[in-house]
Structures are given as structure tokens and as C-alpha cells.
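I opened this model to see how the chain is put together and which spots deserve a second look. My entries follow in the order I looked things up.

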Amino acid sequence: MPAAKSKMKRSAKGFRRAASMTAMTAAVMAVALTGCTKVDTTAPSSVRKDAASVSVKSQAKLGTADCRKAKCVALTFDAGPSENSPRLLDILKEEKVPATFFLLGKNHIAEHPELVKRMAAEGHEVASHTWSHKILTDITPDEAREELRRPNEAIEKLIGHKPTLMRPPQGRTNPDVNKVSREEGLSEVLWSVTAKDYTTNDSALIQKRVIDQTKRDGIILLHDIYKGTVPAVPGIIDELKKRGYVFVTVPQLLAPGKAEPGKVYRP
């Protein structure tokens, strides 16, 4: 009996340790996926304000709305294209909502080139989410450069021009990543709203999370690779429109200002 009790105590202790490690891992992932960064970030409102000091010729053209006056929000999707993207594009077209797509290269751009072309043709902003989703702060600058160059080149072959925006995986960036991005002509875009759709396929919950967090100049992070996300989009669009929001791409959110390579943008 003493031996059995001792074994049970060891088992319970091991279970508690495993549970603690699981909770710790979940906490770390939660932090990693919020876009936390130690570098300086620039808000869209600051970019628009600074544009007043440059000539009209140097200013970016306004998009579907003048975000200096309108209550704008940017809908963004990471890690596609995927088999869910056609339905998403149908919804956006029907609702007349432009979005910004941060695309992955490996197994995505390479597998769905026709969807990349369609995104650009239908007025969406096509941007980069790296080639294989490596955490840029965990690799060398040369490796990071390769992660950024490959999708840029692949996208350019499909739509005729390279992306000017990129989103670092897990929002992880630092001065070295900023430097490589600047040299590659890329600005970094983080987010202010996340539905954490990587944790649930509950479309109603995804919709609620987005609605609850959205404010003016918000940049909404979603992933069209998950089953519950695309079905949540019509409800998100309808409710935010009712609340007076206008949907724009990220460049339109900054207009008449422009994103500068090497800088990091977040509301």
C-alpha cells in the first residue's frame, strides 16, 4: 500500500506539472500572437496627419473613403490563399468591401496562383506573410531576407508588381527585421483586433470578438485558412457597417499618407 500511495502521489505530481506546462505554453502562445513588439510603431492617424506637410503630388490617392473624416477600419486576412478563399472573395465582392491579404508562399501562393490574381483584380491589397512562416526574430538577417524575397518575387510574377506591405509571423519583429524590411522595400503591418480564430471554429464567437474590439482605425486580423472564419465575415461586415464603419485596405487607411519601408504600423 505505501508503494501504491507513493506511486499515486508521483502520478498526481506529474499530472500537475504537465498541466502547468500546458497552461504556460498556452500563455506564451497568447502573447506571441498578439503582435507584441519592442520596436516603435506608428498609428494610421499619425501617417495621415504627417501627409499634410508634403506636396499633394507626393500624397497617396484616397480609396473608398477619406479616413481623415470617415470612421475607417481595415479587414485583413493572414496565411492564405486556401480552399476557403474563393467563398471569402465572393462575400467581399458582394458586400463591396476591400481587404488586405497577407499571403504565405509555400503551399499557398504556390498552390493557388489563380486566387492571388483574383485578389488583385478585384481591388484587394496583396501583401506578404513570408514564404514559410518562420519567426523572423529567430533566424539570421539573411534567412529573413529570403523569407521576404521569395513571396515578393512569386507575387510579382502573378500580379505584375511586388508587395509593399508585410506582416511578420506572430507579429514578431525587431530592429534587424526592420532593417531587412526596409532594404526589401517593405513596411510591417501589425493589428489591433484579433478574433483568435486559430483557437475556435465557432463563427458566432469569432464575430463577437471582432465586433467587441473594433474601434476607428482598427486593423482586424483574421485567417481564411480556418473553417469558422469565412462564415463569420458577413456578420462582421453587416454589424460594423451598421455602426458607421467604412472598410478600406491598409494603404487606404493611411492615405493621403504612405507607408514607409522599414517602419511598423499599428493603431
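**Overall fold.** I began with the contacts in this predicted model. Among those between residues at least 6 apart in sequence, 77% join residues at least 24 apart. I then listed the secondary structure and got 10 helices and 9 strands. The protein chain has 267 residues, of which 47% count as buried. I noted an exposed area of about 13,400 Å², with carbon and sulfur atoms supplying 53% of it.

**Confidence.** I checked pLDDT before going into detail. The mean for the protein chain is 87, and 83% of its residues reach 70 or more. Residues 1–37 stay under 50, and the model has 22 contacts beyond four places in sequence for them. Where pLDDT is low, the predicted coordinates should not be read in detail. I therefore do not read residues 1–37, with pLDDT under 50, in detail.

**Disulfide.** I searched for cysteine pairs and the count came to 1 disulfide. Cysteine 67 is joined to cysteine 72, with an S to S distance of 2.2 Å. The angle about the S-S bond is -95°, and the link is left-handed. Are the two cysteines buried or exposed? Cysteine 67 has a relative accessible area of 0%, so I put it down as buried. Cysteine 72 is also at 0% relative accessibility and therefore counts as buried.

**Largest core.** I looked next at how the nonpolar side chains cluster. The largest nonpolar core has 33 residues, and those touching the most other members are Leu75, Phe77, Leu92, Phe101, Ile220, Leu222 and Ile237. At least two residues of this core come from each of S1, H3, strand S2 (100–103), helix H5 (113–121), H6, H8, S7 and H9. I picked leucine 222 and listed its contacts, leaving aside neighbours within four places in sequence. The list for leucine 222 includes Leu75, Phe77, Ile206, Val210 and Ile236, and also Asp78, Asp197 and Thr229.

**Second core.** I also found a second, separate core of 18 residues, which includes Cys67, Val189, Trp191 and Val250. Cys67 in this core is one of the two partners in the disulfide.

**Helix H9.** Which residues of helix H9 are buried? In this helix, residues 233–242, I noted Val233, Gly235, Ile236, Ile237 and Leu240. They pack against S1, H3, helix H8 (203–213), strand S7 (218–223) and strand S8 (246–248). Glycine 244 follows H9 and has a positive phi, near 90°.

**Cis peptide bonds.** I went through the omega angles. Glycine 80 and proline 81 are joined by a cis peptide bond with omega at about -5°. Proline 81 sits in the loop between strand S1 (72–78) and helix H3 (85–95). Another cis peptide bond joins alanine 255 and proline 256, with omega at about 10°. I placed proline 256 in the loop between helix H10 (250–254) and strand S9 (264–265).

**Positive phi.** I then looked for positive phi in residues other than glycine. Histidine 133 has a phi near 65° and lies in the loop between strand S3 (125–128) and helix H6 (141–159). Its relative accessible area is 32%, so I count histidine 133 as partly exposed. Glutamine 170 has a phi near 60° and belongs to the loop between strand S4 (165–166) and helix H7 (175–183).

Note on methods
Residues numbered from 1 in each chain as written. Predicted model: local features only at pLDDT ≥ 70, side-chain atom pairs only at ≥ 80, totals over all residues. Heavy atoms only, no water. Helix = DSSP H or I, 4+ residues; strand = E, 2+ residues; numbered from the N terminus. Buried < 20%, exposed > 50% of the residue type's maximum accessible area, 1.4 Å probe, protein only. Contact = heavy atoms within 4.5 Å. Areas by Shrake-Rupley, 256 points an atom, 1.4 Å probe, with all protein chains shown as cover. Disulfide = S-S within 2.5 Å. pLDDT = per-residue confidence, 0-100. Core = buried A, V, L, I, M, F, W, Y, C linked by side-chain atoms within 4.5 Å.
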